[in-house]
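Biologist: Take me closely through the sheet hairpins of this one, please, and then tell me what packs and pairs around them. Take your time over it.

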Amino acid sequence: MVLRHGRFYDGALFIHSNKPASNHGHQLERPRLYRRHVIHNYLALLAAGDVRGIVSLFSPRGMVDSPFLGVQPAGEFFDQLKAATRRSVLEDAEVFVSAAGSRRASASFPYLWELADGAQVSFRCGDIFDFDEQGLIASMTIIYDTAPIRAEVGDKYRRAQTH
């Protein structure tokens, strides 16, 4: 799996913020930088197909709300995604962190998804992350328009799970 636009280390890409951390400034800055760091790690792990690494970023009861699969525990969702995926390419990800002090952040990126059977679909994806008090991802909501890709993807998640 590939994540474009950043630096690669041992096949995984780590994206670095263009805004340096500051030792002084507003009390909200440190949690905002931490959330941005967690999301960048999530994107790198997603591109690398590292399910255990991704799940380690979630709280033990972390949930994912997916347009195709509905609401599921994070581990189950990412296991299904891995089974249905041959390769993922995430390009030019943008991360947005709340300036209002909430524990919410989001990422937006073009996503090229190559399914296990070789079919490819491309779409813009948005992920909304809600963090718990410990800084782990409590829930993630995935947003994209399924209409253009539903005919290509169909029920390949479910079929991949049974093989």
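**The hairpins and their surroundings**

Modeller: Let's start at the turn: β8 and β9 make a hairpin with four residues between them, and Gly118 in that turn has a positive phi of about 90° plus a bit, given as about 95°. Bear in mind that this is a predicted model, where local features need pLDDT of at least 70, side-chain atom pairs count only at pLDDT 80 or more, and totals for chains, interfaces and linings use all residues. Residues are numbered from 1 along each chain as its sequence is written, and side-chain values use heavy atoms, with hydrogens and water left out.

Strands here are DSSP runs of E with at least two residues, helices are runs of H or I with at least four, and both are numbered from the N terminus. Two strands pair if DSSP finds at least two bridges between them. On that footing, β8 (residues 104-115) and β9 (residues 120-131) pair antiparallel over 11 bridges, with Leu112 partnered by Ser122 in β9.

Carry on along the chain and there's another hairpin, β9 with β10, with five residues between them and Gly135 in the turn at a positive phi of about 90°. Six bridges hold that antiparallel pair; Phe129 sits opposite Met140, and Asp130 opposite Ser139. On to β4 (residues 58-66): four bridges join β4 to β10 (residues 137-143), and these two run parallel. Asp65 stands opposite Thr141 there.

Ser66 of β4 is buried at 4% relative accessible area (buried is under 20%, exposed over 50%, partly exposed in between, using a 1.4 Å probe and protein chains only). Leaving out residues up to four places away in sequence, Ser66 touches Phe77 and Ile142, where contact means heavy atoms within 4.5 Å. A polar atom of the Ser66 side chain also lies 3.3 Å from the backbone nitrogen of Leu69.

Now the packing. A nonpolar core is a set of buried Ala, Val, Leu, Ile, Met, Phe, Trp, Tyr and Cys residues joined through side-chain atoms within 4.5 Å. The largest one has 40 residues, and Tyr42, Leu43, Phe78 and Met140 have the most contacts inside it. The elements giving two or more residues include β4, β8, β9 and β10, along with helices α1, α2 and α3; α1 gives the most, with seven. Tyr42 is in contact with Ile54, Leu57, Phe78, Asp127, Phe129 and Met140, leaving aside neighbours within four places in sequence.

Last, the charges. A salt bridge is a side-chain nitrogen of Lys or Arg within 4 Å of a carboxyl oxygen of Asp or Glu, and the whole structure has five. One of them joins Arg86 to Glu114, with the closest N and O atoms 3.1 Å apart. Arg86 lies in β6 and Glu114 in β8, so that pair ties together parts 28 residues apart in sequence. Glu114 is buried at 10% relative accessibility, whereas Arg86 is partly exposed at 48%. Arg87 joins in too, as Arg86, Arg87 and Glu114 are linked in a network of salt bridges.

Another salt bridge is Arg103 with Glu133, at 3.3 Å between the closest N and O atoms. Arg103 sits in the loop between β7 and β8 and Glu133 in the loop between β9 and β10, so the pair ties together parts 30 residues apart in sequence. Here Glu133 is exposed at 60% relative accessibility, and Arg103 is partly exposed at 38%.

Definitions and conventions
Polar contact = N/O pair within 3.5 Å; in protein donor to acceptor, adjacent residues only side chain to side chain.
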